[in-house]
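Reader: I'd like to go through this fold piece by piece and hear what backs up each label. Can you show me the structure?

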Amino acid sequence: SPNTLNFRKENSIYLYILKKCRFPCPLKFMNEELRIQDLSWKPEGKNKKILENISTVLKSGEFYGIIGPNGSGKTSLIRHIMHFLSIQEGDILLSERSLKTFSRKEFAQKLSLVPQNTNIDTDFTVYDIVSMGRNPYHRFLESNTEQDKLIIEEAMKMTGCLEMKDKSFRELSGGEAQRVIISRAIAQNTPYFILDEPIAHLDIRYQVELMKNLKEINEKKQITIIAVLHDINLAASYCKKLILMKRGKIFSEGTVEEVLTLKNLKTVYEIDFNILKNPTNGKKYYIPE
């Protein structure tokens with residue numbers, strides 16, 4: 001409740017959000033830092049480390065883009081955050097608690113994943129898929145409550161999926177399917193969205209639409225988004241912070257301006273870049289020479 005959050009008068013805008021938002025209040029997610037400490041990993045039977053001494057703090061409410069060339073460790077880092085890979089060295093903590101100590105249900109209430117591959121080989125409807133986002137909050141075979149149904153509907157509205165709620169997931173285009181999976185993550189109502197190359201198989205229209213949706217979710221719900229991205233320009237246009245990786249290490253992190261310098265780009269990608277500015281909106285574009 002607001003009384004337990006120690007609101008001050010200048011936080012009245014958040015009280016308004018609390019009253020208007022159908023989702024559980026996004027303020028409960030504030031100050032839940034995700035801390036990665038000295039994370040190193042190498043595949044079994046291999047001598048070379050894929051991740052080496054990764055340490056960073058991912059602060060709540062930010063939109064992070066993880067970028068870097070193939071083989072730099074981006075997906076391996078995401079897979080560790082999501083516990084798909086066991087931690088060999090170091091640790092990952094959420095609010096100073098190791099993720100290794102979370103039960104599966106607790107974990108699913110804190111982090112949601114939007115994978116690169118959205119193939120679901122069953123004849124579920126779009127509504128069924130989005131409804132799965134509420135599973136971490138129920139006992140086995142427990143039905144959705146009226147509040148759950150409102151959350152599911154609101155999640156579908158945010159990504160424009162409501163009009164196709166009765167369609168089979170198998171019938172959807174790649175862009176439509178990705179929006180449905182985003183809706184499922186929204187309905188899961190976690191403080192962290194983790195996305196592994198979410199735009200890799202989408203055409204340019206759906207790439208832009210998806211990035212706009214993510215930015216809106218980040219700004220409206222204060223959900224922390226961590227996305228592995230290959231497109232430097234889309235990352236620069238929509239992310240608040242960037243993490244640039246090279247050979248299993250964080251080479252640079254910070255704002256777009258701090259990370260995407262000509263020197264950093266040359267060192268990491270091993271090619272020269274030009275930085276151009278769009279005369280209409282002032283955005284910078286990074287073009288390989």
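Author: Sure, and keep in mind that this is a predicted model. Take the open sheet: 6 strands build it in the order 6-7-8-3-9-10, with mixed pairing.

Reader: What makes strand 6 and strand 10 edge strands?

Author: Each of them pairs on one side only, strand 6 being residues 111–114 and strand 10 being 249–254. From one strand to the next, the twist averages 20°.

Reader: How do you know that strand 3 and strand 9 pair?

Author: Two strands count as paired if DSSP finds at least two bridges between them. Strand 3 (residues 63–67) and strand 9 (residues 241–246) have 4 bridges, in the parallel sense, so they pass that cut-off. One of the partnerships joins tyrosine 64 to lysine 241 in strand 9.

Reader: And which helix packs on the sheet?

Author: Helix 6 does, touching strand 6 and strand 7 (192–196). The direction of helix 6 makes about 180° with that of strand 6.

Reader: What does helix 6 give to the largest nonpolar core?

Author: Helix 6 gives the most to that core, with 7 residues. The core has 51 residues, and Val180 and Leu260 touch the most other members. There is also a second, separate core of 27 residues, which includes Leu34, Trp41, Leu85 and Ile243.

Reader: Which residues is valine 180 in contact with?

Author: Leaving out neighbours within four places in sequence, valine 180 is in contact with Val126, Ile129, Val130, Cys161, Met164, Phe169 and Leu172. Contact here takes heavy atoms within 4.5 Å.

Reader: On to helix 5. How does its reach from first C-alpha to last sit with what is expected at 1.5 Å a residue?

Author: Helix 5 (residues 146–158) has 13 residues and reaches 19 Å, close to the expected 18 Å.

Reader: Which residues of helix 5 are buried, and why are they said to be on the same side?

Author: The buried ones are Asp148, Ile151, Ile152, Ala155, Met156 and Met158. They cover an arc of only 160° around the axis, so they end up on the same side of helix 5. Those buried residues pack against helix 4 (126–131), helix 6 (174–188) and helix 7 (204–221). Following helix 5 comes glycine 160, with a positive phi near 70°.

Reader: Why is helix 2 called mostly covered?

Author: Of the 8 residues in helix 2 (residues 74–81), 6 are buried. Those are Lys74, Ser76, Leu77, Ile78, His80 and Ile81. Just after helix 2, histidine 83 takes a positive phi of about 65°.

Reader: What makes strand 11 and strand 12 a pair?

Author: It's the bridges again: strand 11 (residues 273–277) and strand 12 (residues 284–288) have 5 of them, in the antiparallel sense. At least two are needed, so the label holds. Lysine 277 stands opposite lysine 284 in strand 12. The two strands form a hairpin with 6 residues between them, and glycine 282 in the turn has a positive phi of about 80°.

Reader: Last one: why is asparagine 233 called buried?

Author: Buried means under 20% relative accessible area. Asparagine 233 has 18%, so it counts as buried. This asparagine 233 has its place in helix 8 (residues 232–238). Not counting residues up to four places away in sequence, asparagine 233 touches Lys284, Tyr285 and Tyr286.

Notes
Residues are numbered from 1 along each chain as its sequence is written. This is a predicted model: local features need pLDDT of at least 70, side-chain atom pairs count only at pLDDT 80 or more; totals for chains, interfaces and linings use all residues. Side-chain values use heavy atoms; hydrogens and water are left out. The expected span of a helix is 1.5 Å times one less than its number of residues. Buried means under 20% relative accessible area, exposed over 50%, partly exposed in between (1.4 Å probe, protein chains only). The arc is that of the directions from the helix axis to the C-beta atoms. Axes are lines fitted to C-alpha atoms, for helices over the stretch in contact, and angles run from 0 to 180 degrees between N-to-C directions. A nonpolar core is a set of buried Ala, Val, Leu, Ile, Met, Phe, Trp, Tyr and Cys residues joined through side-chain atoms within 4.5 Å.
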